[in-house]
Amino acid sequence: MEALTQTVRFNSDLLVKYDRPTPRYTSYPPATELHEKFTEEEFKAAIERGNAKKTPLSLYFHIPFCESACYFCGCNVIITGLKDRVVNPYLEYLFKNIERTAALIDRDRPVVQLHWGGGTPNYLTPEHVEMLWNKIHEHFTFAENAEISIEVNPRYVDRNYIHFLRKLGFNRISFGIQDFDPKVQEAINRIQPEEMLFNVMSWIREAEFESVNVDLIYGLPYQSLETFRNTIEKTLQLDPDRVAVFNFAYVPWMKPIQKKIPVEALPQAAEKLDIFHMTIDKLTEGGYVFIGMDHFAKPDDELAIAQREGVLHRNFQGYTTQPDSELFGFGVTSISMLHDVYVQNHKRLKDFYKAIDRQEQPIEKGVHLAEDDNIMRREVIMELMCHFRLDKREIENKYLIDFDTYFSEEEKGLKDLEDDGLLMNFPDRIEVTPSGRLLIRNIAFAFDAYTKEIQHQRFSKAI
């Protein structure tokens with residue numbers, strides 16, 4: 001499969017028609033379908049099914065603490081400066097979470113991917129990091145070439161901390177830039193001088209991490225086409241291996257901290273589209289491959305290679321190169337994604353602690369993909385999201401259906417998308433056009449059996 005590097009353009013006249021809230025499809029069914037009737041027994045049965053197949057593992061560990069609030073943030077975080085007073089009990093309960101879940105998982109199942117996210121994982125001291133690292137390795141078997149990554153806040157690391165992480169065994173690292181412009185940084189309460197960001201990158205390169213990812217956000221207050229062009233140019237100077245360029249979702253009814261953002265300073269949809277067009281042009285001209293939605297990678301990066309080879313996948317962490325693994329999430333609010341079961345841990349710290357004190361799995365809700373229809377639709381949606389094309393014949397052969405007959409209602413919806421130049425619907429395949437790649441969530445939405453419910457959910461918009 002050839003790399004997707006065409007110039008991407010979208011007719012702004014269609015913005016009103018298609019710029020509506022849709023899921024990001026890090027899973028199907030979407031996370032909104034998880035419910036509190038799900039039981040611990042269902043989770044344990046799903047683990048046993050994975051044990052029988054010896055399915056490889058991806059592990060995610062959530063460190064929820066941050067020293068200060070970023071006003072744009074949509075993550076589940078706890079703002080506190082108490083340090084050891086919150087970290088020590090959290091690690092105590094997190095260790096119990098690890099021990100009880102690991103006891104259910106076949107030790108022969110190799111860990112091929114590990115990620116620490118947050119919050120701010122580098123809220124932990126080196127001593128805390130090493131304690132957690134040792135506990136994880138005590139209970140799981142790692143593949144020799146496992147991807148081991150961590151997110152860091154560049155405001156709270158120094159050279160020694162970066163080198164410590166690499167020496168311990170982390171081989172991939174990610175940090176958030178959001179925007180280089182001081183006025184934007186001030187408006188979102190995330191002051192990061194340019195010199196600081198370049199220093200952090202130099203330490204990471206000096207420590208010889210295998211891959212570096214940086215995050216940007218467009219749609220923030222006081223951004224314009226020209227100011228964000230400057231951010232992209234400086235990002236190119238940093239020369240990361242991957243760049244994620246997220247669309248800011250202004251959802252103050254869900255994240256009250258966003259009320260601190262001056263809403264009158266937010267760029268409108270048309271300017272955001274111009275910003276994203278420019279971003280795609282500048283990054284692809286700079287040698288990056290547009291992986292999809294909001295991700296870019298160098299051609300020799302694993303994400304770009306996986307897409308070319310047709311094995312790219314998505315899970316609750318976003319795009320991943322490990323399509324055959326099962327994701328287990330540890331810590332407050334973490335999500336596990338097994339083959340036919342998704343579960344989310346309690347979002348509130350006190351509920352997480354209480355469940356563990358009762359010697360239960362700290363599950364708040366989950367969903368069981370009991371029907372073949374869910375599994376099939378998940379494959380259809382993920383193929384479109386990851387590779388911008390779908391082989392109808394492969395779906396027919398795998399699930400013993402006639403594609404056009406089974407999805408006759410969905411095909412009607414595709415006609416409108418095709419007429420607007422977003423896809424080409426052939427008898428044997430669906431191919432997303434360069435313009436349609438910007439609205440791939442809308443195309444995937446056509447195959448979502450939960451659309452009637454989803455229309456009433458408050459998701460972020462595509463642009």
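Which residues of β19 are on the covered face, and which are on the uncovered one? Let's start there. Ile430 and Val432 are on the covered face of β19, while Arg429 and Glu431 are on the uncovered one.

Quick word on what we're looking at. This is a predicted model, where local features need pLDDT of at least 70 and side-chain atom pairs count only at pLDDT 80 or more, while totals for chains, interfaces and linings use all residues. Residues are numbered from 1 along each chain as its sequence is written, and side-chain values use heavy atoms, with hydrogens and water left out. When I say helix or strand, I mean a DSSP run: H or I with at least four residues for helices, E with at least two for strands, numbered from the N terminus.

Okay, the sheet. It's an open one with 3 strands, in the order β17-β19-β18, and the pairing is antiparallel. Pairing here needs at least two bridges found by DSSP between the two strands. β17 (389–391) and β18 (423–425) are at the edges with a single partner strand each, so each has one side without a neighbour in the sheet. The twist averages 10 degrees from one strand to the next. For angles, axes are lines fitted to C-alpha atoms, for helices over the stretch in contact, and the values run from 0 to 180 degrees between N-to-C directions.

Now the pairings themselves. As general background, strands of a sheet pair through backbone hydrogen bonds, either parallel or antiparallel. β18 is joined to β19 (residues 429–432) by 3 bridges, and those two strands make a hairpin with 3 residues between them. If you want to find this on screen, leucine 423 has valine 432 in β19 as its bridge partner, and methionine 424 stands opposite glutamate 431. On the other side, β17 and β19 also pair antiparallel, over 3 bridges. There, aspartate 391 has arginine 429 as its bridge partner.

So what packs on this sheet? Helix α12 (residues 372–387) does, touching β17 and β19, with its direction at about 135 degrees to that of β17. Contact, by the way, means heavy atoms within 4.5 Å. Then there's helix α13 (residues 392–399), which lies across β17, β18 and β19 and runs at about 45 degrees to β17.

Stay with α13, since it takes us to the salt bridges. The definition is a side-chain nitrogen of Lys or Arg within 4 Å of a carboxyl oxygen of Asp or Glu. A search of the whole structure finds 33 of them.

Lysine 392 meets aspartate 404 at 3.1 Å, N to O. That pair links distant parts of the chain, with lysine 392 in α13 and aspartate 404 in helix α14 (residues 403–406), 12 residues apart. Buried or exposed? For the cut-offs, buried means under 20% relative accessible area, exposed over 50%, and partly exposed in between, with a 1.4 Å probe and protein chains only. Lysine 392 is buried at 2%, and aspartate 404 is partly exposed at 34%.

Also in α13, glutamate 396 bridges to arginine 393, with the closest N and O atoms 3.2 Å apart. These two are 3 residues apart, about one turn of the helix. Glutamate 396 counts as buried at 13%, and arginine 393 as partly exposed at 36%.

Over in helix α4 (residues 126–139), lysine 135 and glutamate 138 are again 3 residues apart, and their closest N and O atoms are 3.8 Å apart. Lysine 135 is buried at 13%, while glutamate 138 is partly exposed at 47%. There's a network too: Arg172, Glu210, Arg242, Asp301 and Glu302 are linked by salt bridges.

How does α4 pack with helix α5 (residues 159–168)? The angle is about 15 degrees and the axes are 11 Å apart. That makes the two roughly parallel, a label for angles under 35 degrees, with over 145 roughly antiparallel, 65 to 115 roughly perpendicular and the rest oblique. In the contact, Pro126, Val129, Glu130 and Trp133 of α4 meet Tyr161, Phe164, Leu165 and Leu168 of α5.

Last stop, leucine 238 in helix α8 (residues 225–238). Leucine 238 counts as buried at 5%. Leaving out residues up to four places away in sequence, leucine 238 touches Ile177, Phe180, Leu197, Phe198 and Met201. Leucine 197 is 41 residues away along the chain, with the two C-alpha atoms separated by 8.6 Å.
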